[in-house]
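Subject: Structure for your files, with notes

Hello,

Here is the structure you were going to look at, followed by my notes on it. Please read them with the coordinates open.

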There are 2 protein chains.
Amino acid sequence: MTTVNTQCRLAARPAEMLTASNWTIVEEPKPIAAEGQFVVHVDYLSIDPAMRTWLNAGRSYVPPVEIGEVMRALGVGHVVESRHPGFAVGDDVSGIFGVQRFAVSDGTEVNKIDTALAPAPVYLSALGISGLTAYFGLLDVGRPEPGQTVLVSGAAGSVGSIVGQIARIKGCRAVGIAGGEEKRRWLVEEVGFDAAIDYKNADLRKELKTYAPDGVDVYFDNIGGATLEAALNRLAHGARIVLCGAVSQYNDTPRGPSNYMQLLVARASMTGFVIFDYAKRYPEGIAQLANWLNSGELQSHEQIEHGDVGAFPDTLLKLFRGENTGKLILALGE
Amino acid sequence: MTTVNTQCRLAARPAEMLTASNWTIVEEPKPIAAEGQFVVHVDYLSIDPAMRTWLNAGRSYVPPVEIGEVMRALGVGHVVESRHPGFAVGDDVSGIFGVQRFAVSDGTEVNKIDTALAPAPVYLSALGISGLTAYFGLLDVGRPEPGQTVLVSGAAGSVGSIVGQIARIKGCRAVGIAGGEEKRRWLVEEVGFDAAIDYKNADLRKELKTYAPDGVDVYFDNIGGATLEAALNRLAHGARIVLCGAVSQYNDTPRGPSNYMQLLVARASMTGFVIFDYAKRYPEGIAQLANWLNSGELQSHEQIEHGDVGAFPDTLLKLFRGENTGKLILALGE
């Protein structure tokens with residue numbers, strides 16, 4: 001096993017789109033556990049759109065990553081050294097380990113995972129933050145009722161693909177929006193959406209009229225921009241918009257939905273949602289998601305890229321180029 | 001009494017700002033009541049920002065006023081002829097009578113008012129749609145709790161001035177936003193707001209920091225635009241935005257709040273609200289508002305302009321020029 005801890009650190013805040021100059025790859029010695037600590041060998045990194053927002057200075061739902069800091073990232077790995085009574089060498093764990101080969105931890109917000117129940121990457125996907133985001137965002141904030149229409153943007157992404165599946169489980173009509181014919185077909189044929197719209201090659205407003213003829217009761221938004229505007233124009237009476245993300249806005253000057261007063265026309269609400277607020281209810285969410293996985297009602301979809309820590313910057317850009325279906329994960333290997 | 005029914009009809013839809021060419025003043029014979037109908041002499045017209053939105057074609061919360069139609073307006077008046085068993089000559093009534101001297105009605109959505117309890121104009125103000133909008137919008141949608149900060153834009157308007165007073169009655173801190181030093185002082189000294197901000201002559205974001213140091217728990221928005229953006233940047237955790245109007249947007253190309261993702265940062269919601277949905281609960285609202293008026297806890301503020309039906313177009317423009325404090329009413333006189 002290597003004794004080098006390769007790390008990806010933030011070198012400079014991006015103006016709009018990320019470039020190589022925002023990052024620096026450094027090598028440090030493998031860390032040593034102090035009393036009460038353990039060292040994790042990071043095996044898989046969760047690649048998330050929210051990462052882009054963590055790079056901006058200013059008020060947000062978590063503090064920004066500081067210049068010179070190791071990039072924040074969720075990951076799964078295994079314990080390779082321990083002076084902590086609760087964690088032993090060989091334990092599989094998930095946590096916010098950062099974009100690096102080795103992480104040292106005192107156990108705060110680290111969970112053991114059972115790779116006999118599901119492969120490790122699933123703990124970053126359906127049994128991780130993506131699944132929980134879909135679960136609590138859709139059910140608690142969106143509150144869909146059987147027979148209602150649930151629309152989700154970024155539908156081919158990690159959260160979106162699970163939102164659609166949970167909507168179906170709950171007896172709703174699931175309509176997805178994604179970019180490209182391949183994703184559109186994947187959503188309908190593989191993931192089980194009732195309908196999907198390729199926003200790049202279709203008239204979004206016209207297709208929404210076709211696939212949500214009675215209006216949209218719940219809109220789960222990961223994208224913002226023109227997609228949000230199209231959804232606002234199609235809201236059913238009393239509709240709920242779940243604001244989960246705004247990927248279209250992260251690398252650009254943000255733009256508000258010019259037709260936001262459709263919220264008044266439709267007597268609708270738009271509510272911001274951050275999964276971390278549900279930390280106390282994670283066990284409930286995980287248990288339900290695991291049940292659905294076991295019964296086959298829910299499927300976890302991952303796109304696993306293989307590379308080392310230095311591959312992180314390019315892998316992150318895949319998200320913003322729309323080059324992923326399902327959860328994007330970087331497998332660091334040995 | 002005149003036998004001429006002067007009417008203001010919509011001649012052409014406005015592009016952005018209203019001009020004289022949008023209207024035509026016509027004269028018709030005074031209408032005659034058929035069996036089951038009565039004729040109202042309109043004494044006072046309610047002049048409302050929402051009128052501007054009724055002039056646009058397309059989907060909204062009420063159908064648009066059609067070209068050639070008498071302009072829609074709430075009013076109070078008295079019955080001058082009746083072949084209706086429920087209404088007698090001399091009855092004082094409120095209803096959607098339109099911008100005209102005489103209205104004929106079958107009683108639908110017409111209410112008798114008691115001018116011994118309060119002067120007729122108050123039934124267009126605190127005991128009318130403005131009071132009800134403030135009451136249900138603030139309490140049902142905004143759900144303020146004692147000690148919380150309630151911010152309202154268009155605070156010197158008919159709805160805003162009542163929102164601030166109800167907030168105070170409910171034990172909240174009331175902060176108003178209005179245009180001009182005169183209105184600012186009026187809100188604090190006459191209406192009883194805890195603080196008011198003159199957005200025309202102050203740095204709105206800085207003042208909000210001063211007057212809402214712990215953030216805004218409820219923002220009651222009548223204005224939209226830059227005012228909404230400033231409020232979004234100042235939301236407390238779990239804040240509720242009540243979308244009641246967007247006067248800044250009505251005469252211009254609409255613009256969305258570019259920082260709407262602050263809803264996510266603050267875990268806040270923005271909910272559209274239309275008073276007509278509360279029709280069944282109007283008696284509850286009116287009873288409570290009347291109690292507060294009687295006890296002196298609530299005051300109704302009207303700005304009554306005197307003129308004939310032909311004065312309507314200019315009177316409406318006063319709203320968009322910010323030339324009113326309290327409820328703007330056109331008294332048609334005899």
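**Strand β8 and its partners**

In chain A, Val152(A) sits opposite Phe220(A), a residue of β11(A). The model is a predicted one, so please read everything below as computed from it.

That pair belongs to the contact between β8(A) and strand β11 (residues 216-221) of chain A, which run parallel and are joined by three bridges. β8(A) also pairs with β9(A), again in the parallel sense, over five bridges. Within that pairing, Leu151(A) has Val175(A) of β9(A) as its bridge partner. Going from β8(A) to β9(A), the chain passes through α3(A), and the β-α-β crossover made this way is right-handed.

How many residues of strand β8 (residues 149-153) of chain A are buried? Five of the five are, so the strand is largely enclosed by the rest of the structure. Thr149(A), Leu151(A) and Ser153(A) point to one side of β8(A), while Val150(A) and Val152(A) point to the other, and all are buried.

**Two alanines beside that strand**

Ala167(A) lies in helix α3 (residues 158-169) of chain A. Is Ala167(A) buried or exposed? Ala167(A) counts as buried because 29 other C-beta atoms lie within 10 Å, and the cut-off for that class is 20 or more. Leaving out residues up to four places away in sequence, Ala167(A) touches Leu138(A), Pro144(A), Val150(A), Cys172(A) and Ala174(A). Of these, Val150(A) is one of the β8(A) residues described above. Ala167(A) and Val152(A) are 15 residues apart along the chain, and their C-alpha atoms are separated by 9.9 Å.

The second alanine, Ala178(A), belongs to strand β9 (residues 173-178) of chain A. Ala178(A) is also classed as buried, because it has 28 C-beta neighbours inside 10 Å. Not counting neighbours within four places in sequence, its contacts are Ala155(A), Ala156(A), Lys183(A), Arg184(A), Leu187(A), Ala196(A) and Asp198(A). For a distance across the chain, the C-alpha atoms of Ala178(A) and Val79(A) are separated by 38 Å, with the two positions 99 residues apart in numbering.

**Domains of chain A**

The domain assignment divides chain A into domain 1 (4-125 + 301-331) and domain 2 (129-276). Taken over C-alpha atoms, the centres of the two domains are 28 Å apart. Each side gives 18 residues to the contact between them. On the domain 1 side, α1 (50-54) and β15 (327-331) each supply at least two residues. α1(A) gives the most to that side, with three residues. By class, the domain 1 side consists of seven nonpolar, eight polar and three charged residues.

**Contact between chains A and B**

Between the chains, 26 residues of chain A are in contact with 26 residues of chain B. On the side of chain A that touches chain B, α7 (262-265) and β13 (269-272) each supply at least two residues. The largest share of that side, four residues, comes from β13(A). The residues of the side divide into 15 nonpolar, seven polar and four charged.

What does β13(A) pair with in chain B? Its partner is strand β13 (residues 269-272) of chain B, and three bridges join the two strands, which run antiparallel. In this pairing Ser269(A) stands opposite Thr271(B).

Regards

Methods
Residues are numbered from 1 along each chain as its sequence is written. Chains are lettered from A and ligands numbered from 1 in the order in which they are written. This is a predicted model: local features need pLDDT of at least 70, side-chain atom pairs count only at pLDDT 80 or more; totals for chains, interfaces and linings use all residues. Two residues are in contact if their C-beta atoms, placed from the backbone, lie within 7 Å. Ala, Val, Leu, Ile, Met, Phe, Trp, Tyr, Cys and Pro count as nonpolar, Asp, Glu, Lys and Arg as charged, and the others, Gly among them, as polar. Two strands pair if DSSP finds at least two bridges between them. Domain bounds come from an automatic or database domain assignment. A residue is buried if 20 or more other C-beta atoms lie within 10 Å of its own, exposed if 12 or fewer, and partly exposed in between; C-beta atoms are placed from the backbone. A crossover is right-handed if, with the strands pointing away from the viewer, the path from the first strand over the helix to the second runs clockwise.
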